[in-house]
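Visitor: I should like to learn how to read the features of a two-chain model such as the one shown here. May we take them in turn?

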Amino acid sequence: MSGVTRAEHCVIACAEAWRGAGEILASPMGLVPSVGARLARHTFAPDLLLTDGEALLVGLDGTVEGWLPYRQHLALVTGGRRHVMMGASQIDRYGNQNIACIGDWAKPVRQLLGVRGAPVNTLNNPTSYWVPRHSRRVFVERVDMVCGVGYDRAAGARHHRIPRVVSDLGVFDFATPGRSMRLASLHPGVSVEQVREATGFDLVVPDEVPLTRDPTAEELRLIREVIDPRTTRAREVAL
Amino acid sequence: MSDKTMTAEEAVARLASGMTLGIGGWGSRRKPMALVRALLRSQVTDLTIVSYGGPDVGMLAAAGRIRKLVTAFVTLDSIPLEPHYRAARERGAFELAEVDEAMFMWGLHAAANRLPFLPVRAGIGSDVMRVNPGLRTVTSPYEDQETFVAMPALRLDAALVHVNRADRLGNGQYLGPDPYFDDLFCEAADAAYVSCEQVVDTAELTKAAAPQSLLIKRHTVTGVIEAPGGAHFTSCAPDYARDEAFQQRYATTPWPEFAARFLAGDERAYRSAAGEGS
């Protein structure tokens, strides 16, 4: 399909995280994952729960259908009926994620947010990640502070799962024997070499790497006319 | 029954250096800023602050009042990273006890229930365990044998929270969408000071709002402070939204300049300087 932007392929890649998820809460953090979650609910995941970003569960037209203040949100996390897509300031080959600080934790070079809910998320509900600018600063050999727990540190925790990492270059998963990050699909226009150059560790690259699928005509219409007519997605990923 | 109304200065006069203070709200939402401003005008220092952090933490950190901070994050919401907090952390100004959002909540629950700890499925495998080496784990005594973090109680010497309405006895009401954890902060504390937009008669509280909005119960409250605009510049829905312009000014003004301009005088002077005096 011609004329599909990189941001729109990213939306599709994020939306696919919630395919077949059933009646669970989609917690997208960031503009592109938010458009993706709404697209999923509009199309192939109609039972998803969405929030208004505050304390309410809302339908696609904004109809309030429930109340979810922070403390109930935390119970929902531990109940497991949620799939969150978080950001990552750093992420390593096993999916360890950092949003707390850069440098030595005791006296950081750059203080960031703090661990937030990453430790509880990763031990309780599926946790995916969204990285709008794929670079060696983000995809690092070793994160400075493990907030979200990766496969090598989860020790087989019973509810631990990192379904996917989506960046502006492609989609990544951990479907390898050693649970190391693998290139699952390339966004159209991106080369394997480009991904390798932007990644600070050895990525598993299969012989055949598929392309991230195109949106259907109806999905493209929903993204452009219904969900994100003001093109907020382009603020995270250039058109 | 006793009238618990007092001024912010009277509340702060009951606090002492070295105390552990819990501060309610979340990020840059419904923070008890009038009480924080009164605290900044006092000499109280060397504090352990327990907070889902916003500008309360940023201001106290910038002013050098924090010895230790217990938090899962510090943010201004619409400005993701709190600049004064960042600067203080990057110069190693205080000790940080970094815990996850859920660990924090269970620490308050433990304190409120007079338990030494509560088990939580969070923290294990993360660097929270490395940077907080004092954290212990417990193994389930049942067949599953799972290992959990034993989150220690976050018992507080005092809690500071801000709500929409309260009566003179200490019954506090929130009218916004989220209670945050303010009732838990009060229950986890030896003394709780509740500021509010407006003190009303008890009967007024449920004239227009459902009894479920009565978040804070008077037996957990020591002092009630009427502080209109008391959460400014954070949000206090539905009474007012966050003052984004003022928050931007806070975030971009060097701390000494901000403190001199807005915090040198009393609360009335603050409101006047912030353009809310009229």
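Visitor: Where does helix α2 (residues 33–41) of chain B stand with respect to the rest of the structure, enclosed or not enclosed?

Guide: In soluble globular proteins, nonpolar side chains tend to be buried together. Helix α2 of chain B is largely enclosed by the rest of the structure, because eight of its nine residues are buried; buried means under 20% relative accessible area, exposed over 50%, and partly exposed in between, with a 1.4 Å probe and protein chains only. The buried residues are B:M33, B:A34, B:L35, B:V36, B:R37, B:A38, B:L39 and B:L40. Helices here are DSSP runs of H or I with at least four residues, strands are runs of E with at least two, and both are numbered from the N terminus.

Visitor: On what footing do these values stand?

Guide: This is a predicted model, in which local features need pLDDT of at least 70 and side-chain atom pairs count only at pLDDT 80 or more, while totals for chains, interfaces and linings use all residues. Residues are numbered from 1 along each chain as its sequence is written, chains are lettered from A and ligands numbered from 1 in the order in which they are written, and side-chain values use heavy atoms, with hydrogens and water left out.

Visitor: How is the packing of α2(B) against helix α3 (residues 55–62) of chain B to be read, and at what angle do the axes cross?

Guide: Two packed helices are described by the angle between their axes and the distance between the axes. The axes are lines fitted to C-alpha atoms over the stretch in contact, and angles run from 0 to 180 degrees between N-to-C directions. For α2(B) and α3(B) the axes come within 10 Å and cross at roughly 5°. That makes the two helices roughly parallel; angles under 35 degrees count as such, over 145 as roughly antiparallel, 65 to 115 as roughly perpendicular and the rest as oblique.

Visitor: Which residues of α2(B) and α3(B) meet?

Guide: From α2(B), B:M33, B:V36, B:L39 and B:L40 meet B:P55, B:D56, B:M59 and B:L60 of α3(B), contact meaning heavy atoms within 4.5 Å. By class, this contact has seven nonpolar, no polar and one charged residues. Ala, Val, Leu, Ile, Met, Phe, Trp, Tyr, Cys and Pro count as nonpolar, Asp, Glu, Lys and Arg as charged, and the others, Gly among them, as polar.

Visitor: How do helix α1 (residues 6–15) and helix α7 (residues 217–227) of chain A cross?

Guide: Their axes come within 11 Å and cross at roughly 110°, and α1(A) and α7(A) are therefore roughly perpendicular to each other. A:E8, A:V11 and A:I12 in α1(A) meet A:E219, A:L220, A:I223 and A:R224 in α7(A). This contact has four nonpolar, no polar and three charged residues.

Visitor: What follows α7 in chain A?

Guide: A:D228 is placed in the segment after α7 of chain A. A:D228 is buried, with a relative accessible area of 4%. Not counting residues up to four places away in sequence, A:D228 touches A:V35, A:L222, A:I223 and A:R233.

Visitor: Which residues of the largest nonpolar core touch the most other members?

Guide: A nonpolar core is a set of buried Ala, Val, Leu, Ile, Met, Phe, Trp, Tyr and Cys residues joined through side-chain atoms within 4.5 Å. The largest has 129 residues, of which B:F181 and B:Y193 touch the most other members. Beyond its neighbours within four places in sequence, B:F181 is in contact with A:Y70, A:R71, A:L74, B:W26, B:Y52, B:M105 and B:L108. Apart from this core lies another, of 29 residues, among them A:A13, A:C14, A:L39 and A:F44.

Visitor: How many residues does each chain give to the contact between the chains?

Guide: Chain B gives 41 residues and chain A gives 34 residues. The area buried between them is about 3,500 Å², of which carbon and sulfur atoms give 52%; buried area is the accessible area (1.4 Å probe) that two parts lose on being put together, summed over both. B:R89, B:E90 and B:R121 supply 18% of the area that chain B buries against chain A, more than any other three residues.

Visitor: Which backbone values deserve attention?

Guide: Most residues other than glycine have a negative phi, and most peptide bonds are trans. The peptide bond from B:H232 to B:F233 is cis, with omega near 10°, and a cis bond also joins B:A237 and B:P238, with omega about 0°. A:R179, which is not a glycine, has a positive phi of about 55°. At 40% relative accessibility, A:R179 counts as partly exposed.
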